Amino acid sequence: MKIGGIVAEYNPFHNGHAYQIEKSRELGEWTHVVAVMSSNYVQRGETALISKWARAEMAVKNGVDLVIEMPTLWSTSFAQRFAYGGVSLLNSLGCVDMLSFGSECGNIDELIECKNAINSEAVTERLKENLEYGLSFASARSEALKAVCGNRFFDILEEPNNTLGIEYLQALDKLGSDMIPMTIKRIGAAHDSLMRSDNFASASDIRRMMLSGSNEWEMYVPQSVADIYHREEENNLAPCPNSKLEFSILCCMRQLSAEDIGLSPDVSEGIEYRIHDAALKSGSLEELYQLAKTKRYSHARIRRIVLHAFMGFVADDYKGEPPYLHVLAMNDKGKEILKEAKEKATKPIVTKASDFDRLDDYGRHVFALEDMCTDVYSLASPVILPCGREKTNGIIVLGDAPSEFDEEPAVEEALEESADTSAEEQPADEDNTESSAEEKDIIENEQDEAQE
């Protein structure tokens, strides 16, 4: 068994994602695939258009064997924390052999070389100087690399999936992981592009088509994805655009003081006062973002701060890595992955609601936040849904397993005592909190959508 891992959003799953999985299986000789997927909220600081359960089902019907959730605290964070959260979850399974990610350059050696150059003492020193001049982290790092290495890596850092890929490589180093990295060259439409190529379109373009009411998007996704989406539509479970929460977010932001906003993660240099002032003046979220953004604080970073303030997240909510492995969906091969993970996982594996009660204090705290986030997400559906879905929506199980997961003896045997064997709860790694000046300034590379 050779297990490959992917970190993604699948918002929604499309032909580009299917291509990445297929090529990764082929080039890496994978027999099994596990994906760490974003929660009901994505890195651009907004709701996912389709719930995590439906997106996980899309993934398992199209090449993924096991889907693990990345909690909202990490899935809505800046590129460095997003990448670290996803890679740490794959690593903590203890049985993933390789990590695959898409990139524009498609050359793992070039990305590793660029990553090593970024970590050099000369670039690090120049980066600190550039940050003192008020540049955003992305601009400061790019200028530092150019000053030390010339234009050698300029094209690499100009592309969003390349830069996110470098963060995956940084995460592997930080974790001391044995997972072997590989990259698949991105084909078809560019990130966030409206240009379409053959049967490929960007996820953002597909979402625009979905929200427009046109079915043109169906040619850019597998048929099973279209079927799941239409089922969710018919059941008033999709789409769930961020615009449905706009009034609630604006109402909340008008009630928060600047000091309240200042408690949110990744706030520094008084930006909370600018956001507070913008919230009092704005008639829409887009106007708030535009009024608040600066040269140092990009549109994407402002969106994330506003979402975190709305959710009540504070800086102390982060304690390094996500504290548990929450299974969203799987097939029969996914059960095989879990059976091996039972022996090797370094975090508790959560397969049912009662497992959350066995987590340590930090794990229960993260789940409580996730529970709240899902209840808020339920306000964005076409028909407002009741609270409690986090504990009532079960795992999506495909293959030979029966529909009721808890009644499957083979799975129960594979997962028996997984919480106990892996939950010699690891103390929070304080070294993983963002304490350096560079990390406080946030990696802000306008990477609004991961792996799209």
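Pro12 sits in the loop that runs between strand E1 (3-8) and helix H1 (15-28). In this predicted model, the peptide bond joining Asn11 to Pro12 is cis, and its omega is about 0°. The same loop between E1 and H1 also holds Tyr10. Tyr10 is not a glycine, yet its phi is positive, near 50°. With a relative accessible area of 0%, Tyr10 is buried.

Past helix H1, the chain enters the loop between H1 and strand E2 (32-38), where Glu29 is found. Glu29 is another residue that is not a glycine but has a positive phi, here about 55°. Is Glu29 buried or exposed? Its relative accessibility is 59%, so Glu29 counts as exposed. Tyr10, by contrast, is buried.

A further cis peptide bond leads from Ala238 to Pro239, with omega near 0°. Pro239 belongs to the loop between helix H11 (223-234) and helix H12 (246-255).

The cysteines come next. How many disulfides does the structure hold? The number is zero. Cys251 is accordingly in no disulfide, and the nearest cysteine sulfur to its own, that of Cys252, is 7.4 Å away. A disulfide would need the two sulfur atoms to be within 2.5 Å. Cys251 counts as partly exposed because its relative accessibility is 34%. Cys240, on the other hand, is buried, with a relative accessible area of 1%.

A charged residue is also found under cover. Asp371 is part of helix H19, which covers residues 361-377. Asp371 is buried and yet has no salt bridge. Which side chain of opposite charge is nearest to Asp371? That side chain is Lys391, at 4.9 Å. A salt bridge calls for a side-chain nitrogen of Lys or Arg within 4 Å of a carboxyl oxygen of Asp or Glu. Lys391 is nevertheless in contact with Asp371, as is Glu390, when neighbours of Asp371 within four places in sequence are left aside.

The nonpolar interior can be followed through its cores. The largest nonpolar core has 94 residues, and the members that touch the most others are Val34, Tyr168, Met253, Ile275 and Val306. What does Ile275 contact, leaving aside neighbours within four places in sequence? Its partners are Met253, Ile261, Leu288, Ala292, Ile302, Ile305 and Val306. Two of these names, Met253 and Val306, also appear in the list of residues that touch the most other members of that core. Another core, of 36 residues, lies apart from the largest one. Its members include Phe13, Ile50, Ala59 and Leu328.

The picture can be completed with the chain as a whole. The protein chain contains 23 helices and 10 strands. It has 452 residues, and 58% of them count as buried. Among its contacts with a separation of 6 or more, 76% are between residues 24 or more positions apart. The exposed area of the protein chain is about 17,600 Å², and 47% of that area is supplied by carbon and sulfur atoms.

Definitions and conventions:
Residues are numbered from 1 along each chain as its sequence is written. This is a predicted model: local features need pLDDT of at least 70, side-chain atom pairs count only at pLDDT 80 or more; totals for chains, interfaces and linings use all residues. Side-chain values use heavy atoms; hydrogens and water are left out. Helices (H or I, at least four residues) and strands (E, at least two) are DSSP runs, numbered from the N terminus. Buried means under 20% relative accessible area, exposed over 50%, partly exposed in between (1.4 Å probe, protein chains only). Contact means heavy atoms within 4.5 Å. Accessible areas come from the Shrake-Rupley method with a 1.4 Å probe; for residues, only the protein chains shown count as cover. Lys and Arg count as positive and Asp and Glu as negative; His and the chain ends are not counted. A nonpolar core is a set of buried Ala, Val, Leu, Ile, Met, Phe, Trp, Tyr and Cys residues joined through side-chain atoms within 4.5 Å.
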